[in-house]
Amino acid sequence: MSEPSPTYPDPSLNDAALAAALADGAGAVLLGLRAAVDAAGGGFEARAFKDAGDAASQEWLAAALAHARPGDAVLSEEAKDDASRLSADRVWIIDPLDGTREFAERHADDDRWRDDFAVHVALWQRGRGLTAGAVGLPARGTTFATADAAGPAAEAAREVLEGRRPLRIAASRSRPPEFVAALAARDDVELVPMGSAGVKVVSVVDGTVDAYVHGGGQYEWDSAAPVAVAAAAGLDCTRLDSSPLEYNRQDPWLPDLFVCHPALASHLRAALTQVGVDIKEGAQS
């Protein structure tokens, strides 16, 4: 038996608080699915469990948004794209489960569930771009939100620029792009493997790493909420060539992403150029 479905957020919440409440609620749904597996003895088929997580989180988020903001449009990874969003003034961009692989996986050494998956909820407004967002990390019991995003520590950048430690970059643990591997060959760069895109970006926000660079392409729902939070925290969030990230476009595909401590952005772009990345055209995976 699954856990009871979370109550829908109060419509009177402001947008930033609502984004966090939505991420929290969907996270509770996902943890409920895991709890049901554990209660039944722990066995599950990974593909079916991934699908169940996507579907359950999407269903709850869609209903919660319809309850709290019935007039707003929605762009979601797990729902059919409605072209009416292109003329809407307010569009929620959501990824109900970022990191399905991590959600449906246990650690081999001790059978603990992995904790590096996320829920993404962001609000785009016409003429203003991303105005609110939250990245829920339910298995870690925390949510990063625009409402309380803290700025990066200046000392962290000084340590890198003065050569006291390497530049730490979040990287895919299973399939890092070629240019990231080339960076890792440098003495002044350290790759930190981790799971979903949301986890990677908020790891820049909390100072675990200095940057996340992606060149293989992502969809808007992969980055909208993490970028909203990172930008609110004062991080450099752009395309690889420094051009702005744009959301709620007809084609929701984004070729590349650059999220970095602002004091280290030029340093990292120089390193990318030195390993052969043409940042004017975007990195190649």
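## Cysteines

Let's start with the sulfurs: the disulfide count for this predicted model comes to 0. Cys-237 takes part in no disulfide, and its nearest cysteine sulfur, which belongs to Cys-260, is 9.6 Å away. Seen from the other side, Cys-260 is likewise in no disulfide, with the sulfur of Cys-237 as its nearest cysteine sulfur at 9.6 Å. A disulfide needs the two sulfur atoms within 2.5 Å, so the 9.6 Å between Cys-237 and Cys-260 leaves this pair outside the cut-off.

Are these two cysteines buried or exposed? Cys-237 has a relative accessibility of 15% and counts as buried. Cys-260 is buried too, and its relative accessible area is 0%.

## The hairpin of S3 and S4

Now for some strands. S3 covers residues 118-125 and S4 covers residues 129-137; the two pair in the antiparallel sense, over 7 bridges. Within this pairing, Gln-125 stands opposite Gly-129 of S4.

What sits between the strands of this hairpin? There are 3 residues there, and in this hairpin Gly-127 takes a positive phi near 80°.

## The hairpin of S4 and S5

S4 also pairs with S5, a strand of residues 142-145, again in the antiparallel sense and over 4 bridges. Here Leu-137 stands opposite Thr-142 of S5.

Which residue takes a positive phi in this hairpin? It is Gly-141, with a phi near 70°, and the hairpin has 4 residues between its strands.

Note on methods
Residues are numbered from 1 along each chain as its sequence is written. This is a predicted model: local features need pLDDT of at least 70, side-chain atom pairs count only at pLDDT 80 or more; totals for chains, interfaces and linings use all residues. Side-chain values use heavy atoms; hydrogens and water are left out. Two strands pair if DSSP finds at least two bridges between them. Buried means under 20% relative accessible area, exposed over 50%, partly exposed in between (1.4 Å probe, protein chains only).
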